[in-house]
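Please open the structure in your viewer and keep the selection tool at hand. The stops below are meant to be visited in order.

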Amino acid sequence: MEDRISELSDDILSFILSFLTMQDAVKTRLLSHRWRYLSPPLSHLQFDVFTLFGTHGESSSTFVTAVDQVLLACRGPKIGTLKVRFGLGDDHAFHVDRWVSFSSAMQVEKIAFDFSCSPESCGSYNFPCHILPADKASHLKHLCLVSCTLRLSPKFTSQLNPLRTLDLDGVPLDQSGLDIITSACPKLTLLRMIGCGLPKIVCIHGQLLCLKTLIIHDSLISVELKSINLEIFEFFGHPRKLTFVDVPHLKKALVRSLFIYRRTSPICNALAKDLPQLQFLSLIVKDEVLPLPATSPKFISLKQLDLLIWPFIDSDLLTVIYLLNASPLLEILQLKIGRQGEGRSNGERREYSRHTHSHLKEVKMEGFRDKWNAMELAIYLLKNTIALERMVVVVSGSTLQMDLRQRVTNLLQKERGNSTAELIIL
């Protein structure tokens, strides 16, 4: 049978390939020599076992060969993104280095290499900064590396100048590497470092004038920040100390860590003192919130507070009131109760300073269980928030949830007093 389709021009055949998945396009190019070096006009290239083969279990050599074939056939003035996800190590550095060279030639703006789950017998792939074009010749703006190494050298700092975002996950980074990043990436707006084995004291001072978002996931380190344009800071782990100096635009802080156990007061005092402009705060608290003395700094600008509490068997959820009293302008409270403990169940009442929260408009309680002080906290919020517009209670942890929802609804309706807030029990 005559193959009339193969007689079409390259542009038309490439257009046909553009309607296929990466997996089908690879298979089609294996049909004949005519199709082998054709490529759809793609602006984004993403390679993993599913996009290439549609299944698990392919060897690294098969994967690398498939990527090589696709890149060899790629045409077009530029490609926006190159993403590769496979367990590759330094034994395939020759091929991966060629992919980096390809990205430079195709003016790629984003490179994302996820080489997690690489064989333990292989070393980690070292990203070759020296291959990148220097300074203005480079189009690379976004670099994301997972389970690689990044051996930075002062000789090749100009290659990093165009970067806008740098996302490192499982990439070892010592103090010299961190210093090179802060000095060589003046346009960086986002820096994310997860499990990078950072030095005991991480200092971000001054050089990153464009930095808007800083995310650190690490343990037993101290962080000192002086970044005048920083807007969002997220820390996950076990910090020794958090220090904020000259961060006038930082309005959103997420301290997602179980470290706040019997240390709530000093952590909150430091945040309130150093960040009076803070508008959004997210905390994970283990056990309960410790009392905040009346002389403690207040969160004078805080508008939203997100709390995840992992209570012990004798924890008291009403201690959340300490943070509410320290946040006079709070408008939104989102409270999630973890499943690690069950809270206080002996019916003991504690006395707290009963403030009227005149700005709190929305409350959401998730993980609500049939425990006395969780209900008492809900009743307190209904009775002491004069501007409350809506309260959402998400019931969980019971085999008789329908019955529990009804009992929660009946009790809150009875105790709501003059509150006109919309009450939603899920």
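The tour goes from the whole chain to single strands, helices and side chains.

**Before selecting anything**

This is a predicted model, in which local features need pLDDT of at least 70 and side-chain atom pairs count only at pLDDT 80 or more, while totals for chains, interfaces and linings use all residues. Residues are numbered from 1 along each chain as its sequence is written, and side-chain values use heavy atoms, with hydrogens and water left out.

**The whole chain**

Start with the chain coloured by secondary structure, where 11 helices and 20 strands can be found; helices (H or I, at least four residues) and strands (E, at least two) are DSSP runs, numbered from the N terminus. Of its 426 residues, 48% count as buried, where buried means under 20% relative accessible area, exposed means over 50%, and partly exposed lies in between, with a 1.4 Å probe and protein chains only. If you switch to a surface view, the chain exposes about 20400 Å², and carbon and sulfur atoms supply 54% of that area, as computed by the Shrake-Rupley method with a 1.4 Å probe, with only the protein chains shown counting as cover for residues. Among contacts (heavy atoms within 4.5 Å) between residues at least 6 apart in sequence, 62% join residues at least 24 apart.

**The nonpolar core**

Next select F113, F127 and F233, the residues with the most contacts inside the largest nonpolar core, which has 119 residues. Such a core is a set of buried Ala, Val, Leu, Ile, Met, Phe, Trp, Tyr and Cys residues joined through side-chain atoms within 4.5 Å. Helix α10, residues 372–384, gives this core its largest share, eight residues. Now keep F233 alone and show its surroundings: leaving out residues up to four places away in sequence, F233 touches ten residues' worth of scenery best viewed one by one, including L214, I216, V223, L225 and F244.

**Parallel strands**

Two of the names just met lead to the next stop, strand β11. Strands β9 and β11 pair in the parallel sense over five bridges, and two strands pair if DSSP finds at least two bridges between them. To see one position in this pairing, select I201, which stands opposite S222 in β11. Strand β11 is also joined by four bridges to β13, residues 241–244, and these two strands run parallel. Here L225 has F244 of β13 as its bridge partner.

**Helix α7 and a loop beside it in the tour**

Select residues 175–184, helix α7, and mark its buried residues, which are G177, L178, I180, I181, T182 and A184. An α-helix has 3.6 residues a turn, so residues three or four places apart point the same way. What covers the buried residues of α7 includes β7, β8 (190–194) and β9.

From A184 move on to N161, found in the loop between β6 (148–149) and β7 (165–169). Is N161 buried or exposed? At 19% relative accessibility, N161 counts as buried. Leaving aside neighbours within four places in sequence, N161 is in contact with D135, A184, P186 and K187.

**Salt bridges**

The structure holds seven salt bridges, each a side-chain nitrogen of Lys or Arg within 4 Å of a carboxyl oxygen of Asp or Glu. Select K212 and E231, whose side chains meet in one of them at 3.7 Å, N to O. K212 lies in the loop between β9 and β10 (213–219) and E231 in the loop between β11 and β12 (232–238), so the pair ties together parts that are 19 residues apart in sequence. K212 is partly exposed at 34% relative accessibility, and E231 is partly exposed at 36%.

Then select R390 and E362, which meet in a salt bridge at 3.3 Å, N to O. Because R390 lies in strand β19 and E362 in strand β18, this pair ties together parts that are 28 residues apart in sequence. Another salt bridge joins the side chains of E366 and K364 at 3.6 Å, N to O.

**Cysteines**

Finish by selecting the cysteines: how many disulfides does a search of the whole structure find? The search finds zero, a disulfide being a pair of cysteine sulfur atoms within 2.5 Å. The sulfur of C129 is 8.9 Å from the closest cysteine sulfur, in C185, which is too far for a bond. C129 is buried at 6% relative accessibility, whereas C210 is partly exposed at 34%.
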